[in-house]
Amino acid sequence: MKQTISAVIIEDEEEATIYLTSILQKLCDSIQIIATSNCVIDAIKILNSTTPELVFMDIKLLDGDAFQILDAIHDYNFEVIFITAYSDYLEKALEYHAFNFVQKPIDTAKLKNIVQRYIRLKDRLFTKQKYIVFKEFMTESRLLIYTGNEHNLLEIDSIIKCCADGNYTIFTTKHKRDYLASKPLKYYEELLSEKGFFRASRSVLVNIKHIQSIYKKESLVLSNNEKVIVSTRNKSKLTNLIKELA
């Protein structure tokens with residue numbers, strides 16, 4: 001007897017939900033859609049009251065985003081497949097240990113391969129407990145960056161500074177190695193703003209743990225002896241930083 005795979009679709013557009021349902025039913029007749037949702041609040045209720053194996057999630061929803069749902073669910077063993085038009089969220093999806101990521105418009109062959117891969121691997125996938133450990137490991141002490149050829153895990157404490165390079169960001173580390181990440185500085189500022197990083201200027205973000213000295217309240221000397229000039233507009237923030245560190 002063929003084993004049924006229970007699934008939930010979380011998608012803010014009704015037409016997209018209907019389309020994805022029809023695709024999944026054609027690709028794999030063992031998938032059973034047990035519920036659908038178009039918003040964060042409703043999705044949390046559904047996932048807390050059901051036991052799906054797979055959850056197909058759009059990222060942008062009517063009242064928030066999919067990551068808010070994952071943060072709110074306290075106990076689950078389902079796997080997430082993001083299906084979204086927003087390719088910029090690939091790195092964040094990986095941080096949440098998504099099973100896979102499919103960009104719209106949906107490539108049905110790719111989706112079929114992903115579902116088949118899930119079926120082959122489902123008995124060996126992460127449990128919720130492993131997910132928690134993984135998430136803490138990723139978000140508290142390390143940062144995942146994509147350099148165009150591979151994903152690299154950087155120890156946050158090892159990052160000395162981040163510099164804008166057009167739509168890319170150069171990470172300088174204490175290991176005397178630079179990484180060119182394929183995201184703009186603003187993206188990483190949002191990820192690192194609460195992890196001890198200071199915006200010295202429009203183009204430079206520094207790790208305060210690597211500030212060796214502050215010269216005349218206008219420049220920072222870093223642990224690699226490099227000097228970073230603080231922009232005029234950020235000098236007041238530097239003054240506040242000095243007060244916090246003093």
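Is Asp157 buried, partly exposed or exposed, and what is its relative accessible area? In this predicted model, Asp157 is partly exposed, with a relative accessible area of 43%. Asp157 takes part in a salt bridge, and the structure holds six salt bridges, among them the ones described below.

**The pair Asp157 and Lys209**

- Asp157 forms a salt bridge with Lys209, and the closest N and O atoms of this pair are 2.9 Å apart.
- The pair links distant parts of the chain, since Asp157 sits in the loop between strand E9 (151–155) and strand E10 (159–165), while Lys209 sits in the loop between strand E14 (204–207) and strand E15 (211–215), 52 residues apart.
- Lys209 counts as exposed, at 59% relative accessibility.

**The network around Lys104**

- Glu11, Asp58 and Lys104 are linked in a network of salt bridges.
- The side chains of Glu11 and Lys104 meet in a salt bridge at 2.8 Å, N to O, and this pair links distant parts of the chain, 93 residues apart, with Glu11 in the loop between strand E1 (5–10) and helix H1 (14–27) and Lys104 in the loop between strand E7 (100–103) and helix H5 (108–121).
- The side chains of Asp58 and Lys104 also meet in a salt bridge, at 3.5 Å, N to O; Asp58 lies in the loop between strand E3 (54–57) and strand E4 (60–61) and Lys104 in the loop between E7 and H5, so the pair ties together parts that are 46 residues apart in sequence.

**Exposure within the network**

- Glu11 is buried, with a relative accessible area of 5%, and Asp58 counts as buried at 5% relative accessibility, whereas Lys104 counts as partly exposed at 24%.

Terms used. Residues are numbered from 1 along each chain as its sequence is written. This is a predicted model: local features need pLDDT of at least 70, side-chain atom pairs count only at pLDDT 80 or more; totals for chains, interfaces and linings use all residues. Side-chain values use heavy atoms; hydrogens and water are left out. A salt bridge is a side-chain nitrogen of Lys or Arg within 4 Å of a carboxyl oxygen of Asp or Glu. Helices (H or I, at least four residues) and strands (E, at least two) are DSSP runs, numbered from the N terminus. Buried means under 20% relative accessible area, exposed over 50%, partly exposed in between (1.4 Å probe, protein chains only).
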